[in-house]
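The following exercises ask the reader to locate residues, judge their exposure and trace strand pairing. Please attempt each task with the structure in view before reading its solution.

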Amino acid sequence: MALHCAYARISLFLRNIAGVLSLIFIVAFPSLCAAVEYTEVEWTDLMPKDDLDALLAPPEYLNDIADGSQQDSVAALNQKESVDAQTKRYRDALSSTRVMQEFNGKQIRIPGYMVPLEQNDEREVTAFFIVPYFGACLHMPPPPPNQILYVQYEDGIALEALQQPFWFEGTLTVALNENALGTSAYTLNIDDYRLYE
């Protein structure tokens, strides 16, 4: 009987200690105990509305320019001397680095395509841009900087084809990054990624 009571007291003591340790762990490491919730973001959410409006209303004369011609470039548009207000606003929107500050530090989930910038010895991509559509930065028109996310990912991602879309999850920050292939107004610190389905 005494042995049974001693066992019961030890068992109760251990349960109390376990409860106290659990409480200490939750208080000391709340980020490890809470599941991360990512907000699914549309690409257009990342740009000011007036930038989006300008991009959706390009000057009509652009329809007369042949795809892939010398005039089919941002550089050619920027060299045009006499421009109306609509053309100027469109041109400004194409190179806009204006961001939505409410996304700074936000945990997001976004679909997109990779534009490789660096790779490791295993030919896995370790630095890249995430862009909203296939061919961005490689063909015209490139997305504006506020529609490009920069990623540095040391673990590397095996990319079988450039036209392969992914879902990316991570923390978004406002940070300008310039590269020969483009300029991004945001950086994404990736927690996870998977093929888009």
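**Exercise 1.** In which strand is E169 placed, and is E169 buried or exposed?

*Solution.* The model under study is a predicted one.
Step 1. E169 has its place in strand β5, which covers residues 166-179.
Step 2. The relative accessible area of E169 is 11%. Buried means under 20%, so E169 counts as buried.
Step 3. The surroundings may now be listed. Setting aside residues up to four places away in sequence, E169 touches Y38, I108, R109, N189, I190, D191, D192 and R194.

**Exercise 2.** Determine how β2 and β3 are arranged with respect to each other, and which residue stands opposite V125.

*Solution.*
Step 1. β2 spans 106-119 and β3 spans 125-131. The two strands run antiparallel and are joined by 6 bridges.
Step 2. Q119 is the residue that stands opposite V125 of β3.
Step 3. Together, β2 and β3 form a hairpin, with 5 residues between them.

**Exercise 3.** What is notable about the phi of R123, and is R123 buried or exposed?

*Solution.*
Step 1. R123 lies in the loop between β2 and β3, that is, in the turn of the hairpin.
Step 2. Most residues other than glycine have a negative phi. R123 is not a glycine, yet its phi is positive, at about 65°.
Step 3. The relative accessible area of R123 is 62%. Exposed means over 50%, so R123 is exposed.

**Exercise 4.** Find the strand other than β2 with which β3 pairs, and state how many residues of β3 are buried.

*Solution.*
Step 1. β3 is joined by 5 bridges to strand β4, residues 149-157, and these two strands run antiparallel.
Step 2. The bridge partner of V125 in β4 is I157.
Step 3. β3 is mostly covered, since 7 of its 7 residues are buried.

**Exercise 5.** Classify the accessibility of E124, and state how far apart E124 and D155 are in sequence and in space.

*Solution.*
Step 1. E124 is found in the loop between β2 and β3.
Step 2. The relative accessibility of E124 is 24%. This value falls between the cut-offs of 20% and 50%, so E124 counts as partly exposed.
Step 3. E124 and D155 are 31 residues apart in sequence, while their C-alpha atoms are 8.3 Å apart in space.
Step 4. Beyond its neighbours within four places in sequence, E124 is in contact with several residues, among them D155, G156 and I157.

Note on methods: Residues numbered from 1 in each chain as written. Predicted model: local features only at pLDDT ≥ 70, side-chain atom pairs only at ≥ 80, totals over all residues. Heavy atoms only, no water. Helix = DSSP H or I, 4+ residues; strand = E, 2+ residues; numbered from the N terminus. Buried < 20%, exposed > 50% of the residue type's maximum accessible area, 1.4 Å probe, protein only. Contact = heavy atoms within 4.5 Å. Pairing = 2+ DSSP bridges.
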